Amino acid sequence: MLGYRVLLVDDEPDGAEALARLLEMEGCTTLVATSAPDALAKIEDFTPLCVLLDLNMPNMTGTELAAALRAKYEADVILIAITGYDSESAQARSARDEGVDYVMTKPVDVQRLLQILGIRP
């Protein structure tokens with residue numbers, strides 16, 4: 001799906017920017033936020049179809065952000081949690097409980113991400 005709008009939320013901007021560039025090469029429109037509050041501020045004007053969010057962020061975790069986004073957007077946005085921990089960790093299970101659709105471990109498997117987004121078979 002060309003033009004897929006993706007918001008990347010990670011307190012480590014270098015990794016988020018690199019992933020954003022890869023997604024842009026696939027035709028996506030991306031925006032990077034460096035914290036959950038930054039994401040909540042930016043999302044109003046961006047209206048993404050997908051949010052990739054780091055689970056381990058200071059001040060407001062990715063799980064808390066997922067809960068806030070799911071409450072606001074219900075099923076209108078795909079939430080993909082990204083974690084440095086195992087995708088079956090307690091943190092990942094908690095994120096799923098808050099409405100995260102997918103959990104991916106770092107480094108992100110770009111091919112799998114493109115499949116989830118329907119960009120690649």
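Here are three short exercises with worked solutions on a predicted model.

**Exercise 1. Strand S3 and its neighbours**

Work out how many residues of S3 are buried, and which strands pair with S3.

*Solution.* Start with the strand itself. S3 covers residues 50–54, and 5 of its 5 residues are buried. Next, sort the side chains by direction: Cys50, Leu52 and Asp54 point one way, while Val51 and Leu53 point the other way. Both sets are buried. Now turn to the pairing. Strand S1 (residues 5–9) runs parallel to S3, with 4 bridges between them, and here Leu7 stands opposite Val51. Strand S4 (residues 78–83) also pairs with S3 in the parallel sense, over 5 bridges. In that pairing, Cys50 has Ile78 as its bridge partner.

**Exercise 2. The crossover**

Find the helix that joins S3 and S4 in a β-α-β unit, and give the handedness of that unit.

*Solution.* Follow the chain from S3 to S4: the helix of the unit is H3 (residues 62–73). The unit is right-handed. After H3 comes Glu74, with a positive phi near 50 degrees.

**Exercise 3. Length and buried face of H3**

Check the span of H3 against its number of residues, then decide where its buried residues lie around the axis.

*Solution.* First, the length. H3 has 12 residues, so at 1.5 Å a residue it should span 16 Å. Its end C-alpha atoms are 16 Å apart, which agrees. Second, list the buried residues: Gly62, Thr63, Leu65, Ala66, Leu69, Arg70 and Tyr73. These cover an arc of only 155 degrees around the axis, so they lie on the same side of H3.

Conventions
Residues are numbered from 1 along each chain as its sequence is written. This is a predicted model: local features need pLDDT of at least 70, side-chain atom pairs count only at pLDDT 80 or more; totals for chains, interfaces and linings use all residues. Side-chain values use heavy atoms; hydrogens and water are left out. Buried means under 20% relative accessible area, exposed over 50%, partly exposed in between (1.4 Å probe, protein chains only). Helices (H or I, at least four residues) and strands (E, at least two) are DSSP runs, numbered from the N terminus. Two strands pair if DSSP finds at least two bridges between them. A crossover is right-handed if, with the strands pointing away from the viewer, the path from the first strand over the helix to the second runs clockwise. The expected span of a helix is 1.5 Å times one less than its number of residues. The arc is that of the directions from the helix axis to the C-beta atoms.
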